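Here is a friendly walk through one model, from single residues up to the packing of helices and chains. Keep the viewer open as you read.

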Amino acid sequence: MDVIFEWFRVLYDETGINLPFLYDAYDRNRMIDGFFTTIRLSLVCLFFSVLIGVVGAWLQGSTFKWTRRIVNGYIQLFRNTPPLVQLYFFYFAIGTMLPTVENDWGGQSPILGSFAWAAISLSFFAGAFNVEIFRSGIEAVPKSTVEAAEALGFSRLQIYRDVTLPLAFRVVLPALNNNLVNLVKTTTLAYAIAVPEMLYEANQIWSDNVNVTEMMIFLLLAYFVLVGILVGGMNRWERAMRIPGFG
Amino acid sequence: MSYKTDLPVMKPFKPREPEPLLGFRPWHFVVIALIAVFGPSLAFAQAGVPLLTPFAVLLDWVPLLLQGFIFNLAISFLAMALGTALGTLLGLGQISLSRVTRGVSWFLTQFFRNAPWLVLLFFAMFLLPFEINLLGLSIPFPDWFKAILGLSLPVMANVSEIVRGAVKSLPSGQWEAAESLAYSRRQTLWLIILPQCVKRMLPPWMNLYSILTMATVLASIVGVSEVMTLTGQALAAEGGRPELLAPFYGFVLLLFFAYCYPIARFTVRLERKFAVIN
């Protein structure tokens, strides 16, 4: 492995193509950390946004008028405002209002760090889209199926959890995957509040080494490959989950 | 095998458009906006400092912020125009008869679609020169122009997909009928296929525009002085009072909502109008 890494140092000496995240152990660790932060942020947001989608779709089917209205208001608000401004609003406006806690060094630090705020903000953003996606999936489940479940004595929650949702999940998968791929691309916004994800770490490295061009091209390729793998995997999963003879 | 039955396993799935902001009466909005913008500042008002109230401060800065917002809109118009022009070409390339053109267009589309907007913006910002020397004439490249180029790249890729999708969604009978009437390929495309596609492309195109408008704030990260940058500067000029943060950022949210929400509603209406009933 070291031989390969050293080759890139030689490459830099010979041609001036500087890829310090390959030959320099410190930069390499930064880049790897950044990569895993991106993955972690994506996974956390993915989990919570799907959760918001499922719960929101359930609330939207509520019989209370105001529950439906509030969910609708949330959807419209988060769909029609820039995610970056939402992120700033959460991090700066709401973040500064929360109480601070004493940290290990005796100083005051906010209760939630930038990673947590990025996760919250992006989950709400992607969740707003997921609610609509799940809702339309639920509407694709025929009324007769729900009635049959009712006749068998299922409660409303049981019907949602055991009958409607599993059926809906399979048809919403393409739309859901689309949104989740978008979510992964949106995690780059966390750069703005200094979450050390891939873009942020790349920025650190190019600030230290003045190799903007190489880092930029590497970053573009890295995201292209990352998202490409994700899209490919999702497509395979979609094919496997397809309901035969439907759509 | 398909047959008709009264008890379908599943009904057709169609991504549903969100409901309008509902039976809200206008005064509901006023109340919500007031709570959202001024509620947080009330909490700080107890400090009782003889400063201007957050609302008064915000009012002072509104003209400047609106100017910034108009700059955002200008960026979005230009990026959309450029992205649409390039994207249409790329989309037509994707349905070209030549394998090479098709492959290259497909790759470019996928590449720029899969890359995050912010990364593309950084790409354009840092890798384009600040001026070009052409025949002894130096053409300056201001940062806002580079931002437009950076934002138009993902727009281009998305428009390309919209064009391809619209052309593919037309029944193949259109092509065959045109061929039987001895239209050339170019004539078929320009006189028969594309005019029908415009209707199908309009709603997703408007969706894309709305997304682009919301992405223009990304330019603040790379230093273009649009509404987000100005907000930050205004907050700094006011001495970084924490009770100002919520009204200012809330105001920016409100600006974008007021602009993008009507577009979203209009798109839904268009979609319904153009829907093909089968």
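With 7 C-beta neighbours inside 10 Å, does Ala182(B) count as buried or exposed? A residue with 12 or fewer such neighbours is exposed, so Ala182(B), with 7 inside 10 Å, counts as exposed. Please bear in mind throughout that this is a predicted model.

**Two alanines with positive phi**

Ala182(B) is worth a second look for its backbone: its phi is near 65 degrees, a positive value in a residue other than glycine. You will find Ala182(B) in the loop between α6 (172-180) and α7 (185-215) of chain B. Chain A has an alanine of this kind too, since Ala194(A) is not a glycine and yet shows a positive phi of about 60 degrees. Ala194(A) sits in the loop between α8 (156-186) and α9 (198-209) of chain A. Its surroundings hold 13 C-beta neighbours inside 10 Å, so Ala194(A) counts as partly exposed.

**Chain B as a whole**

Chain B contains 9 helices and 2 strands. Followed along the sequence, these elements give the pattern α-α-α-α-β-β-α-α-α-α-α. Chain B has 278 residues, and 34% of them are buried. If you take the contacts in chain B between residues at least 6 apart in sequence, 76% of them join residues at least 24 apart.

One pair that is far apart along the chain involves Tyr259(B), in helix α9 of chain B. Its C-alpha atom and that of Ser210(B) are separated by 8.8 Å, while the two residues are 49 residues apart along the chain. Tyr259(B) has 18 C-beta neighbours inside 10 Å and therefore counts as partly exposed.

**Where the chains meet**

In the contact between the chains, 43 residues of chain B meet 51 residues of chain A. On the chain B side, α3 (99-114), α4 (117-127) and α9 (242-274) each supply at least two residues. The most comes from α9(B), with 12 residues. Sorted by class, the side of chain B that touches chain A has 35 nonpolar, 4 polar and 4 charged residues.

Let us stay with α4(B) for a moment. Of its 11 residues, 9 are buried, so α4(B) is largely enclosed by the rest of the structure. Among the buried residues of α4(B) are Trp117(B), Leu121(B), Phe122(B) and Met125(B). The cover over the buried residues of α4(B) includes α9 and α10 (212-241) of chain A, along with α3, α5 (143-169) and α7 of chain B.

**The largest nonpolar core**

In soluble globular proteins, nonpolar side chains tend to be buried together. Here the largest nonpolar core has 125 residues, of which Val85(A), Leu121(B), Tyr249(B) and Val252(B) touch the most other members. The largest share of this core, 14 residues, comes from α6(A). Tyr249(B) touches residues of both chains: leaving aside residues up to four places away in sequence, its partners are Val85(A), Tyr88(A), Phe89(A), Phe92(A), Ala93(A) and Thr231(B).

**Helix packing in chain A**

Two packed helices are described by the angle between their axes and the distance between the axes. Three pairs from chain A are set out below.

| Helix pair | Angle between axes | Axis distance |
|---|---|---|
| α3(A) (25-60) and α6(A) (114-139) | about 40 degrees | 6 Å |
| α3(A) and α4(A) (65-79) | roughly 140 degrees | within 8 Å |
| α7(A) (143-151) and α8(A) | roughly 135 degrees | within 10 Å |

For the pair α3(A) and α6(A), the angle makes the helices oblique to each other, and their crossing is right-handed. By class, this contact of α3(A) with α6(A) has 18 nonpolar, 7 polar and 1 charged residues.

The helix α3(A) is oblique to α4(A) as well. Here Gly56(A), Leu59(A) and Gln60(A) of α3(A) meet Thr67(A), Arg68(A) and Val71(A) of α4(A). That contact of α3(A) with α4(A) has 2 nonpolar, 3 polar and 1 charged residues.

Lastly, α7(A) and α8(A) are oblique to each other, with a right-handed crossing. Thr145(A), Val146(A), Ala149(A) and Glu150(A) of α7(A) make the contact with Ile159(A), Val163(A) and Thr164(A) of α8(A). Its classes are 4 nonpolar, 2 polar and 1 charged residues.

Methods:
Residues numbered from 1 in each chain as written. Chains lettered and ligands numbered in written order. Predicted model: local features only at pLDDT ≥ 70, side-chain atom pairs only at ≥ 80, totals over all residues. Axes fitted to C-alpha atoms, helices over the stretch in contact; angles between N-to-C directions. Helix = DSSP H or I, 4+ residues; strand = E, 2+ residues; numbered from the N terminus. Parallel < 35°, antiparallel > 145°, perpendicular 65-115°, else oblique. Left-handed = near helix turned anticlockwise from the far one by under 90°. Nonpolar A, V, L, I, M, F, W, Y, C, P; charged D, E, K, R; others polar. Buried ≥ 20, exposed ≤ 12 C-beta atoms within 10 Å, placed from the backbone. Core = buried A, V, L, I, M, F, W, Y, C linked by C-beta atoms within 7 Å. Contact = placed C-beta atoms within 7 Å.
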